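Got the viewer open? Here is a short tour, with something to select at each stop.

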Amino acid sequence: MGSSSNTDVNVDFEVDPASYRHWKVSYDGAIARVAMDVDPNGGLRSDYELKLNSYDLGVDVELADIVRRMRFEHPEVRVVVMTSANEKVFCAGANIHMLGTSTHGWKVNFCKFTNETRCEIEEATEASAQVYIAACNGTTAGGGYELALACKEIYLQDDGNSAVSLPEVPLLGVLPGTGGLTRLVDKRRIRRDRADVFSTMAEGMRGKRAVQWNLVDDVFPRSKFDTQIAARCEAIISETTDLATGTREGVKLGKLGVEESDAGRKYSSVEVTWDDKARTATLTIEGPTADDVALAERGAEAMHAAGDQLWALRAYREFDDALLQLRCNHPNVGMIVVRAKGDAKRVIAHDAALVKTRDHWFVREVLLHMGRVLRRMDNTSRSFFALGDAGTAFAGNLLELALAADRFYLLDDPDNVVHVGMGDLNEGALPMNTGLTRIQAHLYGEPEKAEALTGRRDLLGPEDADEAGLSTMLLDDIDWDDDIRIAIEERVSLSPDALTGMEQNLRFVGPETPDSKIYARLSAWQNWIFIRPNATGPEGALTMYGRPERPAFDWRRV
Amino acid sequence: MTTATSNSVDLTAKIPNNVGLSDDPKLQRALERWLPNYLEWWNDMGPTDFADKPVYLRTAISVDAGGWANYGHVKMPDYRWGIFLKPNDAEPTVKCGDDAGAPAWMDVPGEHRNSLRRIIVTQADTEPASVEQQRLLGHTAPSLYDLRNLFQVNVEEGRHLWAMVYLLHKYFGRDGRDEADELLNRRSGDEDKPRILGAFNQPCDHWLSFFAFTMFTDRDGKYQLAALAESGFDPLARTTQFMLTEEAHHLFVGETGLGRIIKRTAQLEKLDPNGDVRNQGGIDFDLIQRTINYWFTYSLDLFGGEISSNASTFFASGLKGRFREGRYEDHKAMTGTYRLPVVEDGSLNEKDVPLRNAMNEVLRDQYIKDCERALKRWNKTIEEEGCDTVLSLPSRRFHRHQGIYADHHFDPEGNLISEDQWEAGKQKWVLTPADNDYLLSIMKPCHEPGQFANWIAPPSKGLDGKELDFEYVKLHD
């Protein structure tokens, strides 16, 4: 397979502007400029060089951090110009040698994370009135063009040389892995026959023809490029209205406090422990305290003042980091037990306080962030069992964790009554990427039950919850320990590949959106192609890229 | 399908050719549509102000040994730019790579369309570029002999553009036509639409640079053409084979031009009581050395990356061979390695690279060897004139803008140095603005038959058996 091990690389997902190696970010009032300037020697592993603004996971971790901080720390920004500090290249896409020498799992994780960042860019444009535009001041190839496609508008330098291209199929025998194909036809509505031509044309398109085919929005000569982009920024600022209220004073995202050990990571409100031998982990989130609720109820300005210490932001940032750690650094852990501890009433009260003040820009960002973290969970290829036993509070936003899980076990013990319940955030504020709420997806075949739950704010005991269709299985205290143990042991004995496929098929019921297609369709195909001999076999195109030998294909269509 | 070619050129056609253009009306129409755009480009970007002067040019009237060098006074816009291919081999084959020995392709194979187009466009782009770079030089020519050589080089670069445009039109469909149009839209040194390769955007505004350009940069062209002459795409191989015969003259102009300057510099050094060449209005050896350093290294860049997947693909696919591929025994080059120094952790270490990935470096080796030969000849001239200066080629790592050495600094001997050391040394290593100012100050036209500027020695003999005072360009009616 030509794959070296990636297990010796431990990825840290927490970065901050002072530590960026690959990006230059500058701010000028309502305009931010994000210039890619990849350090060739700054790769996560040392066996490849990140030439020509090509990227690996480390580069994208920084980008994700930039996009997130842009929303929290720079709410004054209305236009973000994605561009390059490299003289000739905007971005050459994912580093091919990195892909060629990475394990399959690494490639999948890498693509998934980069996709999440691209979707986050689009969400910022649509939901936060932070409009991303791509100023492609050089060659824009592969993942570079996909990054541009994630922006609302694309402008290309017209210098007779700079082109946009998706050369993955003709050069590498794989697909554009970060939504490129879907965004061509679904987002930019490029005719599918033209998309077919473009996606098999290694050299791509430039100049007027790229505009005619809607691959870019316009081309500008090199000498006028910066002024034209600046003019476009001003126009966007005048066209964009952000109705959110509140003082546009950024909220600093501080470093997460983490206690690391061999067995896990402990944050302020989240704890993850793993057992690599048993291939299981437990992810516990602690609901808001009485003080947290009181603070939220004091209103938006108080929450704004609390900044990154607001429970909803702090706990979800921690949960996000824990998920990423599990995904990337603990590939053997196939089964994640999820627990939400605390007081159900408080969670619901906290949710209500958030929803009441959601017009405030900061509260809006907190809610959008929660939504993204939950979608990250939806897209995580691990089995999740939510365990509603004594002391748990799967209510309000924490009920989403139970609904995101593959199964929700609920304890039925009169001595320790477990409560679950709906809150204001369960009814549309935290959508799945299919556009459904998790309640709608959960009760897809029984919409009347979902309907009946809408607006209910009382707490449900175990039997009521089960009756309402919320729990997978109601277990009494006598059976609980054994049944749970057996369910987990059984789960971890099954084929991890089959489980990943099965879970992804079952989780995303209902309609599709471009976002859901990108993950479900494109990445599934991509992941298949990645392990096919025509890509990664000894004579596959990806294996052979840059080597003296040429690839040889098995011509049979599958 | 083969292309009908013969030794005889149809000179009566609007576009002279030996490819049977009249039998291919569609192609003929397309090229005839391109022709006025070409002429417009020539009028805008070709040599200024000499359009109505008869120049003693050679024009190809057939592609065999005797026929391509036919001399006569011609006004440049009336020059017969045409399409000439070396006649068919009996059974041409792919010369290198995985398919070495298989029949050559008479049409573009679909799987190689992209690579071939890129190769041809990159080569084609250099041809008009150099004409643009040299367009003002006529005004400061050191003699009519040199003026004529400049114009000969210019019209032949124009013809080479035709040769490449023919391939684009005939074999690459609509994309090819678009690329042919783009070749006339890019401009050397233009901020918005520069030429593709770096050396072809450098200013060439005086004759020392012109001779250095034809010596070093056109010599890159020779090696690129020679590598393409080994192409498995037969029309490309035969086109470049014919271009090589013309390119030889350009190299002659550069090598002898620099040689004559060097000879004159040696004479002036002896003439001056203090050995001060500039005091005598000449070009000192230090400045010549800086010129060599500058143009040699920009030309090295043109060969591409030292470790290159493109180079490997081009060779493996049989699109581009080595210099004189026929002299190698193993045309597949699957097994060998090439050892070269790379920068790792702040020092130079030897590294073995698969031979195919090092094909640019293999070609660069041949080029450097050829340049060293010229240096030897010039040093002999200096010695014969009784001076003790020795000119040299800088290391191939020095002053590079492409490839694995581009992000580091090296001195002319090839030692890794710091940025500060580079900044401190560069004034004495490569051409400076002050050098250019000085050169422009001494470049006064010398436009009378038989006269030569003071800073250059006359050639040892005239052209085509003519005397040195022959009126190579008729400037007066």
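Which helix of chain A is A:D483 found in? Select A:D483 and you land in helix α19 of chain A, residues 477-493. Helices here are DSSP runs of H or I with at least four residues, strands are E runs of at least two, and both are numbered from the N terminus.

Before going further, some ground rules. This is a predicted model, where local features need pLDDT of at least 70 and side-chain atom pairs count only at pLDDT 80 or more, while totals for chains, interfaces and linings use all residues. Residues are numbered from 1 along each chain as its sequence is written, chains are lettered from A and ligands numbered from 1 in the order in which they are written, and side-chain values use heavy atoms, with hydrogens and water left out.

**Stop 1: the negative patch on chain A**

Stay on A:D483 and add A:D415, A:D477 and A:D479: together they make a patch of negative charge on the surface. Patch members have over 30% relative accessible area and no salt bridge, and like charges are joined within 9 Å. A:D483 itself is partly exposed, at 33% relative accessible area; that label covers the range between buried (under 20%) and exposed (over 50%), with a 1.4 Å probe and protein chains only.

**Stop 2: zoom out to all of chain A**

Show chain A as a cartoon and you have 23 helices and 19 strands to look at. Its radius of gyration is 24 Å, close to the 24 Å that the globule rule gives for 558 residues, so chain A is as compact as a globular protein of that length. (That radius is taken over C-alpha atoms, and the rule is 2.2 Å times the number of residues to the power 0.38.) Along the principal axes, the C-alpha atoms fill a box of roughly 75 × 55 × 45 Å. Buried residues account for 58% of the 558 in the chain.

**Stop 3: salt bridges in chain A**

A salt bridge here is a side-chain nitrogen of Lys or Arg within 4 Å of a carboxyl oxygen of Asp or Glu. The whole structure holds 86 of them over all chains.

Pick A:D406 and A:R507, whose closest N and O atoms are 2.9 Å apart. A:D406 sits in the loop between α15 (399-404) and β18 (407-412), and A:R507 in helix α20 (residues 496-507), so the bridge ties together parts that are 101 residues apart in sequence. A:D406 is partly exposed at 25%, whereas A:R507 is buried at 10%.

For a bigger selection, try the salt-bridge network whose members include A:R68, A:E120, A:D242 and A:R375.

**Stop 4: over to chain B**

Where is the positive charge? Select B:K26, B:R29, B:R33, B:R174 and B:R177, which gather in a positive patch on the surface. Helix α1 (25-45) and helix α4 (173-185) of chain B each supply at least two of its residues, with α1 giving the most, 3 residues. B:R174 lies in α4 and is partly exposed, at 47% relative accessibility.

Next, select B:R396 and B:D365, which form a salt bridge at 2.7 Å, N to O. B:R396 is in the loop between α9 (359-384) and β5 (409-410), while B:D365 is in α9, 31 residues apart.

Last pick: B:A453, in the segment after α11 (433-442) of chain B. B:A453 counts as buried, at 7% relative accessibility. Draw a distance from its C-alpha atom to that of B:K53, 400 residues apart along the chain, and you should read 21 Å.

Notes
Patches are made of residues with over 30% relative accessible area and no salt bridge: like charges are joined within 9 Å, nonpolar side chains (Val, Leu, Ile, Met, Phe, Trp, Tyr) within 5 Å. Accessible areas come from the Shrake-Rupley method with a 1.4 Å probe; for residues, only the protein chains shown count as cover. Lys and Arg count as positive and Asp and Glu as negative; His and the chain ends are not counted. The place of a charge is taken as NZ of Lys, CZ of Arg, CG of Asp or CD of Glu.
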